[in-house]
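Here is a walk through one protein model, taken piece by piece. Keep the 3D view open while you read.

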Amino acid sequence: MTLPTSPVATVGPVKIVGTGLLGTSLGLALRGAGVAVQLTDASPSALALARDLGAGTPAGEEDPEPALVVVATPPDVAAGTVLAQLAAHPAAVVTDVASVKLRVASAVEADGGAAAARYVGSHPMAGRERSGPAAAHGDLFAGRPWVIVPGAHSGDDALVAVRNLAADVGAAPVTLGAEEHDDAVALVSHLPQVAASLVAARLQDAPPDALGLAGQGLRDVTRIAASDPQLWATILAGNAAPVARALRELRDDVDAVLEALETAADAGPSAPGSTGPLARLVADGNAGVSRIPGKHGGPPRRYGAVTVLIPDEPGALGRLFGDVGEAGINIEDLQLEHSAGQKVGLAVVSVVPSAVAPLEKELQERGWHLVVR
Ligand SMILES: NC(=O)C1=CN([C@@H]2O[C@H](COP(=O)(O)OP(=O)(O)OC[C@H]3O[C@@H](n4cnc5c(N)ncnc54)[C@H](O)[C@@H]3O)[C@@H](O)[C@H]2O)C=CC1
Ligand SMILES: O=C(O)C(=O)Cc1ccc(O)cc1
């Protein structure tokens with residue numbers, strides 16, 4: 001994969017510990033950029049699949065020492081794995097990609113000693129509802145925020161190495177403290193997972209006729225309910241206090257909605273105290289959803305989407321429009337996803353379904369980098 005960003009700054013070899021969705025995706029992205037990658041995993045089959053997919057070479061005794069180690073194991077073993085890697089590779093920078101940061105940061109602080117200077121936490125805000133190497137993709141990080149979480153003792157060299165890693169795979173580095181990070185993801189990632197799972201769980205006993213009526217709204221709200229239960233149990237338990245705070249606030253809102261509904265059910269839909277809180281619920285939701293940067297509701301269903309990575313430079317969108325026009329294809333809709341400070345954006349070009357394959361071919365031939373989602 002060649003991204004339209006600056007030349008690769010990451011110094012290899014990079015060792016990836018944990019070749020699941022995240023580790024294999026990272027290996028694919030780094031290999032595509034020409035960086036040497038060593039792979040390890042507790043599961044021989046996950047390791048073999050990552051190797052066969054082209055994410056790197058299984059680590060061996062004769063390997064050169066890695067310059068950078070990326071720990072991509074589940075959150076409950078991330079801290080122990082980071083400490084073990086710091087000890088095993090005394091000259092390497094070590095980072096992890098676990099979804100919860102305070103626990104790993106505290107463990108390195110407490111038990112890492114001088115090696116804490118070589119550790120920087122990180123968290124790519126990129127993933128899928130599927131786990132394992134088979135779900136991996138080298139484009140996973142393209143255009144996504146990648147949170148860098150410096151520890152109290154992280155050295156400058158370590159910080160630079162982890163920022164370079166994020167930028168080299170097309171992500172936008174964002175720096176946050178561990179607690180600030182954990183509070184933020186409780187709200188934007190962990191609470192949505194709980195809400196999606198709660199709504200989807202209500203469907204278990206739904207009559208098939210009711211399910212047959214499901215539209216895009218239900219699919220939008222429940223997409224991430226298909227996530228891996230074991231991974232998410234460790235993520236939620238690992239960030240328990242911030243998630244509990246966010247969930248208690250949600251429960252207060254649910255209670256207000258319930259009260260309005262019970263008033264309407266008992267005293268009629270026009271009774272005082274019934275419609276007001278319900279309208280407020282939806283209006284508050286309108287206000288919240290409008291604040292999501294680069295919100296992508298997905299293209300209208302009658303269209304197909306082609307997602308294109310665009311460099312953040314004058315004229316890039318114009319060139320894209322020109323190339324689509326020269327291909328004789330009409331743009332039906334366009335969405336741009338762009339976060340502050342990132343060097344690339346994503347243009348989601350909606351076209352009639354029959355034009356998707358020809359447009360992909362045409363744009364690839366013209367040198368555009370397409371993102372598979
Ligand atoms: N799934 C997602 O969308 C995202 C996950 N993350 C974080 O990335 C990390 C990895 O997640 P996924 O790749 O989704 O999980 P995964 O389940 O796809 O892969 C985890 C891999 O780690 C291996 N593993 C487990 N314990 C190990 C150990 N002690 N030593 C070596 N290998 C070990 C497993 O065999 C498995 O292959 C987690 O910490 C998760 O919180 C971060 C961003 C997004
Ligand atoms: O699928 C989505 O919308 C995600 O946000 C994926 C995701 C899952 C877990 C993370 O720690 C980070 C990102």
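The report below goes from the annotated region to the two sheets, a helix pair and the two ligands.

## The model and its annotated region

First things first: this is a predicted model. The UniProt record, an unreviewed entry, carries the annotation "domain: Prephenate/arogenate dehydrogenase" over residues 12-291. Within residues 12-291 the chain is 52% helix and 12% strand. The C-alpha atoms at the two ends of that stretch sit 39 Å apart.

## The parallel sheet

Start with the open sheet of 5 strands, which has parallel pairing and the order 3-2-1-4-5. Strand 3 (57-58) and strand 5 (93-96) take the edges, and each has a single partner strand, so one side of each has no neighbour in the sheet.

Strand 1 (residues 14-17) runs parallel to strand 4 (residues 68-71), and 4 bridges join them. To find the pairing by eye, look for V14, whose bridge partner in strand 4 is L68. Over on the other side of the order, helix 2 (residues 44-53) lies across strand 2 (37-40) and strand 3. Its direction makes about 155 degrees with strand 2.

## Helix 3 against helix 4

Helix 3 (residues 75-88) packs on helix 4 (residues 102-111) at an angle of about 40 degrees, and their axes are 8 Å apart. The crossing of this pair is right-handed.

Who meets whom here? From helix 3 come A78, A79, V82 and L83, while helix 4 brings R103, V104, A107, V108 and D111. Sorted by class, that contact holds 7 nonpolar and 2 charged residues, with no polar ones.

## Around the ligands

Ligand 1 has 29 residues around it, and G18, G20, L22, S99 and G127 come nearest. Helix 1 (21-32), helix 3, strand 6 (120-124) and helix 9 (229-238) are the elements that give two or more residues to this shell. Helix 3 gives the most, with 4 residues. So much for where the shell comes from; by class, it splits into 15 nonpolar, 12 polar and 2 charged residues.

Now turn to ligand 2, which is surrounded by S99, M125, A126, G127, R128, S189 and I224. That shell divides into 3 nonpolar, 3 polar and 1 charged. Two names are worth clicking on: S99 and G127 are listed around ligand 2, and both are also among the residues that come nearest to ligand 1.

## The antiparallel sheet

Further along the chain, 4 strands form another open sheet, with antiparallel pairing and the order 10-11-9-12. Which strands stand at its edges? Strand 10 (333-337) and strand 12 (369-371) do, each with a single partner strand, so one side of each is left without a neighbour in the sheet. Neighbouring strands here are turned against each other by 30 degrees on average, direction ignored.

In this sheet, strand 9 (residues 304-311) and strand 11 (residues 344-351) pair in the antiparallel sense over 8 bridges. A handy marker is I310, which stands opposite G345 in strand 11.

Two helices go with these strands. Helix 12 (residues 316-326) lies across strand 9 and strand 11, running at about 140 degrees to strand 9. Helix 13 (residues 356-365) also packs on the sheet, where it touches strand 9, strand 11 and strand 12. The direction of helix 13 makes about 15 degrees with that of strand 9.

Technical notes:
Residues are numbered from 1 along each chain as its sequence is written. Chains are lettered from A and ligands numbered from 1 in the order in which they are written. This is a predicted model: local features need pLDDT of at least 70, side-chain atom pairs count only at pLDDT 80 or more; totals for chains, interfaces and linings use all residues. Two strands pair if DSSP finds at least two bridges between them. Two residues are in contact if their C-beta atoms, placed from the backbone, lie within 7 Å. Axes are lines fitted to C-alpha atoms, for helices over the stretch in contact, and angles run from 0 to 180 degrees between N-to-C directions. UniProt positions are given in the numbering used here, feature names are shortened, and annotations may be inferred rather than shown by experiment. A residue is near a molecule or strand if its C-beta atom, placed from the backbone, lies within 6 Å of it. Ala, Val, Leu, Ile, Met, Phe, Trp, Tyr, Cys and Pro count as nonpolar, Asp, Glu, Lys and Arg as charged, and the others, Gly among them, as polar. A crossing is left-handed if the near helix is turned anticlockwise from the far one by less than a right angle, and right-handed if clockwise.
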